Amino acid sequence: MIIMSKFAENLSALMAERNLKAPMLAKILRTDRSNITRYLQGKRLPLFNGFVAILEFFNISADVLLGRMDYTDEMDFLPLPPFGERLRMVMEETKTTQYRMEHDLKISGESMFSWLNNKTLPSVESLDKLADYMDVSIDYLLGRVK
């Protein structure tokens, strides 16, 4: 999976820039060291909250971290609104219907309902699919940028 390998490569570079090792980053992010190791090996992506914690710690764009766009200068990011509210807003802006997204992206109605009602959060892979489908950046989808 391309975003997984790009994420691993970019996370490794960010850690090297700050001279951080996996145990220290794990402690900072309050996660197990084995999770960081799996991220760096390109074996898995963090869950939503872990992903956001990495974005905030390194003050980096989600799209840059996932290799969706090239590095940009440091930006000021907005605090994250509840994901369901933000997803509804972006769907309205892009004139995207829930039914169409479920059908085209093969996302279950239950998942969409849960995301839209802030019951669960999407995976990083799902964020990537949603952003691509609505032709927006992941940072925009998350509400980190205007």
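Of the 146 residues in the chain, 44% are buried. This value, like the others below, comes from a predicted model. The accessible surface amounts to about 8400 Å², and carbon and sulfur atoms contribute 50% of that area.

The secondary structure is easy to follow: the chain holds 10 helices and zero strands. Read from the N terminus, the order of elements is therefore simply α-α-α-α-α-α-α-α-α-α. With a radius of gyration of 15 Å, close to the 15 Å that the globule rule gives for 146 residues, the chain is as compact as a globular protein of that length. Along the principal axes, the C-alpha trace extends over about 45 × 30 × 25 Å.Contacts across the sequence add to this picture. Among contacts in the chain with a separation of 6 or more, 67% are made by residues 24 or more positions apart. Charges can be described in a similar way: the chain carries 19 positive and 20 negative charges, and the mean positions of the two groups lie 7 Å apart.

A closer look at two residues gives a feel for the details. The first stop is Ser 61, which sits in the loop between helix H4 (48-58) and helix H5 (62-65). Although Ser 61 belongs to a loop, its relative accessible area is 4%. Ser 61 therefore counts as buried, the cut-off being under 20%. The side chain of Ser 61 forms a polar contact of 2.4 Å with the side chain of Asp 139. Asp 139 also appears among the residues that Ser 61 contacts once neighbours within four places in sequence are set aside, together with Leu 55, Met 69, Phe 77 and Arg 144.

Met 69, one of these contact partners of Ser 61, leads to the next stop. Met 69 is likewise placed in a loop, here the one between H5 and helix H6 (83-93). The relative accessible area of Met 69 is 36%, so this residue is partly exposed, whereas Ser 61 is buried. When residues up to four places away in sequence are not counted, Met 69 touches Ser 61, Asp 63 and Val 64. Two of these partners, Asp 63 and Val 64, fall within the range of helix H5 (62-65). Met 69 can also be related to a residue much further along the sequence: Ser 137 is 68 residues away along the chain, yet the C-alpha atoms of Met 69 and Ser 137 are separated by 9.1 Å.

Key. Residues are numbered from 1 along each chain as its sequence is written. This is a predicted model: local features need pLDDT of at least 70, side-chain atom pairs count only at pLDDT 80 or more; totals for chains, interfaces and linings use all residues. Side-chain values use heavy atoms; hydrogens and water are left out. Helices (H or I, at least four residues) and strands (E, at least two) are DSSP runs, numbered from the N terminus. The radius of gyration is taken over C-alpha atoms; the globule rule is 2.2 Å times the number of residues to the power 0.38. Buried means under 20% relative accessible area, exposed over 50%, partly exposed in between (1.4 Å probe, protein chains only). Contact means heavy atoms within 4.5 Å. Accessible areas come from the Shrake-Rupley method with a 1.4 Å probe; for residues, only the protein chains shown count as cover. Lys and Arg count as positive and Asp and Glu as negative; His and the chain ends are not counted. The place of a charge is taken as NZ of Lys, CZ of Arg, CG of Asp or CD of Glu. A polar contact is a pair of N or O atoms within 3.5 Å; within protein, one must be able to donate a hydrogen and the other to accept it, and residues adjacent in sequence count only if both atoms are side-chain atoms.
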